[in-house]
Amino acid sequence: VVDFGIRVSVALNGKPGTDQSALASIVQAKMSVNGASVEHLFAAPLADHSAIITLCRLILEASILYLYLMQEVDKEEWDCRYLCIRLHDTVGRIKFMRGFKEEHEYPDLRRGRDEIVKVLTPHPGLRPPLSLKGRREI
C-alpha cells in the first residue's frame with residue numbers, strides 16, 4: 001500500500017516522496033484500515049460500541065499524527081521530530097517487552113533509546129521549554 005502511494009505521488013508530482021511523506025502514507029493506510037473496520041463493525045448484526053469507539057479514537061490520533069508529519073518544516077525541525085518519533089516508538093517497545101521478558105533480555109532496545117536521547121538532548125530543534133533533563137527513567 002505504501003509503495004503504491006509513493007508511486008502515485010511520483011506520477012502525480014514528478015518527484016519522489018520524502019521520509020515525511022512515506023511515514024504519512026503509512027499513517028494514512030492505518031487510518032483507512034481502521035475506517036474500513038469501523039464500517040464493518042457497524043454492518044454487523046450486533047454493533048460492538050466499545051470496539052467502534054476505540055477504532056474511532058485511533059483514527060483521530062492518527063489524523064493528528066498525519067497532520068504533524070505533513071506539516072512543512074525545515075530540515076533541522078524534521079530531524080528533531082523524527083528523533084522524537086523514534087524515541088516514542090522505542091520507549092513503547094521497551095514498555096511492551098517488560099511484560100514478557102527480563103530487562104537483561106532486551107538490551108538493544110535500551111541501548112537504542114539511550115543513543116536517541118544522546119543525540120536528541122543537545123539537538124537545536126529541541127526548544128528550551130522542552131527538555132529531556134529530569135526525565136523519568138523508563
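A residue counts as buried when its relative accessible area is under 20%, as exposed when that area is over 50%, and as partly exposed in between. The exercises below use this cut-off on a predicted model.

**Exercise 1.** Classify R113 and D114, the two partners of a salt bridge, as buried, partly exposed or exposed.

*Solution.*
Step 1. The pair is joined through its side chains, with an N to O distance of 2.9 Å.
Step 2. R113 has a relative accessible area of 2%, so R113 is buried.
Step 3. D114 has 36%, and therefore counts as partly exposed.

**Exercise 2.** Do the classification again for the salt bridge between R110 and E103.

*Solution.*
Step 1. Here the N to O distance is 3.3 Å.
Step 2. The relative accessibility of R110 is 17%, so this arginine is buried.
Step 3. E103, at 46%, is partly exposed.

**Exercise 3.** Work out how D89 and R93 are placed in their helix, and why residues with such a spacing can point the same way.

*Solution.*
Step 1. Both residues belong to helix α4, which covers residues 75–98.
Step 2. They are four residues apart, about one turn of the helix.
Step 3. An α-helix has 3.6 residues a turn, so residues three or four places apart point the same way.
Step 4. D89 and R93 form a salt bridge, and their closest N and O atoms are 2.8 Å apart.
Step 5. D89 is partly exposed because its relative accessibility is 39%; R93, at 46%, is partly exposed too.
Step 6. In total, the structure holds six salt bridges.

**Exercise 4.** Find which residues make up the largest nonpolar core and which helix gives the largest share of it.

*Solution.*
Step 1. The core has eight residues: C80, L83, L87, V91, I116, V117, L120 and L126.
Step 2. Helices α4 and α5 (107–120) each contribute at least two of its residues.
Step 3. The largest share, four residues, comes from α4.
Step 4. Leaving aside residues up to four places away in sequence, L87 touches R113, I116, V117 and L120.
Step 5. A separate core of six residues includes A24, V27, A62 and L69.

**Exercise 5.** Compare the length of helix α2 with its expected span, and list its buried residues.

*Solution.*
Step 1. Helix α2 runs over residues 19–43 and has 25 residues.
Step 2. From first C-alpha to last it reaches 37 Å, close to the 36 Å expected at 1.5 Å a residue.
Step 3. Its buried residues include Q20, S21, A24, S25, V27, A29, M31, N34 and V38.

Methods. Residues are numbered from 1 along each chain as its sequence is written. This is a predicted model: local features need pLDDT of at least 70, side-chain atom pairs count only at pLDDT 80 or more; totals for chains, interfaces and linings use all residues. Side-chain values use heavy atoms; hydrogens and water are left out. A salt bridge is a side-chain nitrogen of Lys or Arg within 4 Å of a carboxyl oxygen of Asp or Glu. Buried means under 20% relative accessible area, exposed over 50%, partly exposed in between (1.4 Å probe, protein chains only). The expected span of a helix is 1.5 Å times one less than its number of residues. A nonpolar core is a set of buried Ala, Val, Leu, Ile, Met, Phe, Trp, Tyr and Cys residues joined through side-chain atoms within 4.5 Å. Contact means heavy atoms within 4.5 Å.
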